[in-house]
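Colleague: Could you take me through one helix in close detail, from its ends to its surroundings? I would love to have the whole picture in one go.

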Amino acid sequence: MAYVIGVDVGGTFTDAVLDDSSGTVVAAKSPSTPPDYSQGVIDVLEALAEQLGSPVQEMLANTHHIAHGTTSSLNALVMGNVPPVGFLTTKGHRDSIYIMNVEGRYLGGSPEQLQNVLGQSKSHGLVPKRHALEVTERLDRDGSVVVALDEDSARVAIRSLVDDGVSGIAVSLLWSFRNPVHEQRIRELVHEIDPDMFVSLSSEVSPRIREFARNATTIMSTQIGPGLRDYLGSLESKLRALDLKGPLLVMQSNGGAVAAAEAPKNAISTVGSVLTGGVVGAVSLGKQLGHKNIIATDVGGTTFLVGLVVDGEPVRASSTIINHHPINVPTLQVHAIGSGGGAIAWVDAGGNLQIGPHSAQAVPGPACYGQGGTEPTNADANLVLGILPERGLLGGRKPLDKELAREAIRRRIAEPLGLSIEDAAAAIYAVQNAQTGDLLRKTVVEAGHDPRNFVLYAFGGAGPSHCAAYAAEVGVKEVIVPLGQVASAFSAYGLASSNIVLAAELSDPVAMPLDPARAEANFDGLEKRVREALGRQGLSFTSVEVEREIDMRYTMQLAEVATAIPEGTLDSASVALASDLFEQRYADLYGKDSGFREAGIQAITYRVRATGVLPFSPTLPELKSADSADASVARIGTRKVNLDGRIGYVDTDIYDYSKLAAGHVLAGPAIVEVPTTTVVVPHGTTGTVDRLGNLNIVAQ
C-alpha cells in the first residue's frame, strides 16, 4: 500500500491528509509547535498513523512522498522576523533598494492608506546600509563584460559582511540576468572565505529585468533561505529516523511541489506554499463536482486567504508584493489578510472596532485556550455566541474556557465601546464577516468577474463558521464546505493533490516581431533547465507537461501581461499569433479596445513551466446515501446561538457530522459539528449533504 501525505503547517494548527491508491482518505489536526514546527509535523503524522491503526514507522515506510507547506517563511517576512543578511551589488547601484523605484512607497497599500500621506511609513528597508555593499564590475545590456570584477575589493566586502555576522549574502549585479559570470565568481569567493555561508544569486533566483524588484526578491530569498534549509534538514532527518522512504517535497507558490533539498536554493518560491494548497485542492475537488469557476477561501488561525479558479484553471500571476516590495515569483494568485480565527479584536484611537491583522497564533493562542492569552479573538467571540461548542475543539481534545473568552471581550471591547459582552461578541462576528467580504470583492469584482457566476469553497478551521455570511456580502449564491475526511485540513488535501511544478524564466527584451530563432533558443534553454531539475526530484512521473509563455507589453508601458505561447516550432506565423494572443489577453483583462497596437509591442521575459505528473491524485470517497432528506437522525440537541446581532440568541439545532449521509437536508439556523471545524448554516439558508460528504449551503 502506497500513501501520499499532505502536511499544512499553519501558525496555529498543523493539518495532514493521507491518501492511498485504493481511495482511503484520512485527515488529522494538531496544534503547531513554534519555534520548532517540526515537532507539530511529527505529532500530526502520529495522529494519522493512530487512525490507520499502525505505528508511524510502518505508515512512513509505505509512503510514496510527503508534500509539505508552511506559512512560517511568509510570516517571518511579513513580521520582519528574519536574520541579518548582506547585499552585494554593482558600484553605484546600492541605493536602488532604498530609493525603491519610488513604487515601494505605495505598493500593496490600500486606497485608504495611500490617501493618508502623513500616516504612511517610510521605513521599508530590507537591510541596513552597513550590510549593503558595492563591488567593482560592469556588464552592458547585452551581457558583455565592460569592467572586469575586481576580486580584491570583492573579498574585502565579503569579509566585512562575514565578520559582521550575517546569515547569508544576496548578490544582485547589474545586467546579471544576461550574463551571470560575475555573480557566480562572487559566490566562489564567498565560499573561499566561509564555505558554509548561504548565498543567493539574482541570476538564479530572479533572472528578470528591473533592478529593484530583482534585488528585493534576491534579498528576501536570502533572508528565509538559511532558516528553511535548517528546518527542512532537521525535519527530513527526523522523518528518515522514522523510516520515511519516499521524498519530502515542499509546496511552492506556483501550485506545485519541489524536493526539500532543492527548495532553499530558491526559498522565495515557497512563501505562498500553504496559500496555494487550498487552490490546488479546489481545482481537484472541482473536477469531481463539475465546478469550473470557484472562489477558494481558507480561514485558518492567522489568515484569510482567497484564490480564484476560472474555467477550471487557477488564476496565475508573475509577481506578488510583500511589505511594499515587488517579488518576482511565478505564483497562483492568492490574496490574504490577517483575519483568521485567532485574529485579535481591538478598538483603535477613534473608537472603531478592528479585527487583525495581528493574531494570537498557537502560542499563547486565543484567551479561551487557557494558555495565557488575554486578547479577544474571533474564536473567543464565536465561543461566546454559541457557534463553537463549550466542550472544545478537536472533538474535545482542545478544551475551551468560555469565561476567559468573556473576560477578554469585556475588558478589551465591551467596556471601551459601552456594549454588553454578548453584543460585543456579535459585533466582532459581524466585522469579521464584513472585512472578509471586502477581500472577496477586491479579488473577484475588481478582476472583472461576476461573483454570481462562481461557487464558493470554504475551508480551514474557521472558514465554515463564517463562509455563508461573507459569501452573501458579494452575492455568491452557492457555498460548498468540503467536509468528509478532509474538513478543515483541505489545504493539506490540496498539498497531497499537487504535482511537481518547476519554472524557469529569462528576460530578453526585444520589440515584436521577434526573431523566431532567438525565441526558440531562449525557450529551449529554459526547457532544458526545468527538465534537468525534474530529474533531481527523486520521483518517477507518469508524464511531463511543458507550457511556454512570454511576458509582453505595449511600448512605453511598465507592466507586462503573461501570454501563453502554443506548442511547436516558432516561425514568423507563430510570432504574429503571439502578438494577437497578447492583445486578446490584454482586452480580456482591461476591456475591449483598451489596447494600442500602434505603440508597438515588446516581448520582455520568457518563461517555461514544467509539470511532472505524479501517479497519485487523491479523490474524495463517496458517502453513504440517506433514506430520506430528514436529517433528524444526526441531530444531537439544541443550544442558544447568536448568528445575527439584530436577531440575538435563538434555539439552534446542532448536528453531528459523523451521523449525516448524502442527501440529508438541514434548515438554517443550524450548526454542524465536525471534529476539526464547525459549520454555520445561517437563517434563511439550507444545507444539503452531497455524495462526497460536502455541505452545500444555498439561500432559500
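Modeller: Happily! Let's begin where helix α17 stops: the residue that follows α17 is Gly591, and the phi of Gly591 is positive, near 110 degrees. Do keep in mind that this is a predicted model. At the other end, Asp571 caps the N-terminal end of α17, with a side-chain oxygen 3.1 Å from the backbone nitrogen of Ala573.

Between those ends, α17 covers residues 572–590, which makes 19 residues. At 1.5 Å a residue, a helix of that length should span 27 Å, and the end C-alpha atoms are indeed 27 Å apart, so the expected and modelled spans agree.

Now for the side of α17 that is hidden. The buried residues are Ser574, Val575, Ala578, Ser579, Phe582, Glu583 and Tyr586. A general point helps in reading that list: an α-helix has 3.6 residues a turn, so residues three or four places apart point the same way. As for what lies over these buried residues of α17, the cover includes one helix, α16 (516–535), along with the strands β26 (543–554), β27 (561–565) and β28 (601–613).

Two of the buried residues, Phe582 and Tyr586, turn up again in an aromatic cluster, where they are joined by Tyr554 and Tyr590. Tyr554 belongs to β26 (543–554), part of the cover just described, while Tyr590 is the last residue of α17 (residues 572–590). For the wider setting, a search of the whole structure finds seven aromatic pairs.

Terms used:
Residues numbered from 1 in each chain as written. Predicted model: local features only at pLDDT ≥ 70, side-chain atom pairs only at ≥ 80, totals over all residues. Heavy atoms only, no water. Phe/Tyr/Trp six-rings, centres within 6.5 Å; stacked < 30°, edge-to-face > 60°. Helix = DSSP H or I, 4+ residues; strand = E, 2+ residues; numbered from the N terminus. Expected span 1.5 Å × (residues − 1). Buried < 20%, exposed > 50% of the residue type's maximum accessible area, 1.4 Å probe, protein only. Contact = heavy atoms within 4.5 Å. Polar contact = N/O pair within 3.5 Å; in protein donor to acceptor, adjacent residues only side chain to side chain.
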